[in-house]
Amino acid sequence: MPSGSFSEPLSTHNRSRDRRSYVNGEMIRGITNGDDAVLVGENFIGANDGVGAWAHKPNGHAALWSRLILHFWALEAERDVSVTPTASSNTEPNPVAYLQAAYEQTLQATSAPNEWKGTTTACGALLHHTGGQATPEPMLYVTNLGDSQVMVLRSDTQEMIYKTTEQWHWFDCPRQLGTNSPDTPKTNAVMDKFGIKEGDVVLAMSDGVVDNLWEHEILESVHDSLKNWASGEVDGAKASNAEDAGGRMLYVARELVKAARNIAEDPYAESPFMERAVEEGLAMEGGKLDDISVVAAVCRRRKA
């Protein structure tokens with residue numbers, strides 16, 4: 001279970017960092033973790049979960065599908081000048097349209113002569129702002145298709161203010177984009193828009209997290225990580241800079257991965273996935289071994 005790999009680019013290809021893969025002349029963005037893919041941008045984060053069953057099929061490559069969807073999705077958002085971080089336009093972003101374009105480009109990139117097959121869930125959060133006001137307020141546009149999850153936590157009140165709803169065809173078969181799947185972004189993706197505050201923490205996670213941790217455990221892990229970082233004590237060592245937002249969010253993500261991995265590897269643990277399996281009449285105990293991927297981000301005011 002490669003839950004700790006946040007540095008290996010397209011790790012299934014066993015390539016070093018100086019040989020990053022390209023598509024259409026662009027370096028493929030994001031990071032591969034098993035069949036998952038994660039991406040961090042200035043105002044966009046995402047986590048896609050490639051369906052691992054494709055590894056057992058000819059030309060199956062779910063990791064490539066999850067990575068390319070995320071890569072093209074981020075590019076489409078960047079190409080829309082109205083949603084750049086410094087944009088003053090009142091035009092609203094359209095993340096579902098960006099995802100649809102990414103899906104179509106991935107279909108093209110994985111068709112003949114390449115013919116790589118796979119499917120992936122997709123979830124992403126795009127930070128924008130309200131228009132037509134003297135002082136714009138931050139707005140979050142969250143898009144989801146499948147059972148990966150975006151969660152927004154308010155750190156000062158220690159509460160969850162938003163989470164995506166999982167989409168399933170049936171138990172353990174989420175909606176997904178790719179080979180032989182009937183799902184498409186324009187017909188099945190769900191987009192929510194809502195205001196957030198400076199300091200809110202946004203998580204994008206594959207189901208390796210939410211299948212192993214209950215909501216209150218995710219909240220507790222994030223709260224404890226923020227508290228530890230603020231105190232300057234991180235794993236017995238002083239945090240290099242308590243105001244380092246990037247380092248703080250990396251620490252939050254790593255601690256959440258550790259917590260999920262502990263449950264995933266425990267054959268006697270009680271987990272959300274086990275509960276769902278029992279409800280379906282299946283005999284199961286313990287956590288769910290899976291790729292575990294987390295992106296953590298914090299809403300901050302841009303420096304003048």
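Axes are lines fitted to C-alpha atoms, for helices over the stretch in contact, and angles run from 0 to 180 degrees between N-to-C directions. The model is predicted: local features need pLDDT of at least 70, side-chain atom pairs count only at pLDDT 80 or more, and totals for chains, interfaces and linings use all residues. Residues are numbered from 1 along each chain as its sequence is written, and side-chain values use heavy atoms, with hydrogens and water left out.

Select first helix α5 (residues 215-231) and helix α6 (residues 245-264), which pack at about 140° with their axes 9 Å apart. Helices (H or I, at least four residues) and strands (E, at least two) are DSSP runs, numbered from the N terminus. The two helices α5 and α6 are therefore oblique to each other; angles under 35 degrees count as roughly parallel, over 145 as roughly antiparallel, 65 to 115 as roughly perpendicular and the rest as oblique. Among the residues that meet, display I218 and W229 in α5 with G247 and L256 in α6; contact means heavy atoms within 4.5 Å.

Select next M205, in strand β15 (residues 201-205). M205 is buried, with a relative accessible area of 0%; buried means under 20%, exposed over 50% and partly exposed in between (1.4 Å probe, protein chains only). M205 touches residues including C123, I218 and L256.

Turn finally to the open sheet of six strands, ordered β3-β4-β5-β7-β8-β14 with antiparallel pairing; two strands pair if DSSP finds at least two bridges between them. Its edge strands are β3 (31-33) and β14 (190-195). In β14, M191 is the bridge partner of T143.

Definitions and conventions:
Lists of a residue's contacts leave out its neighbours within four places in sequence.
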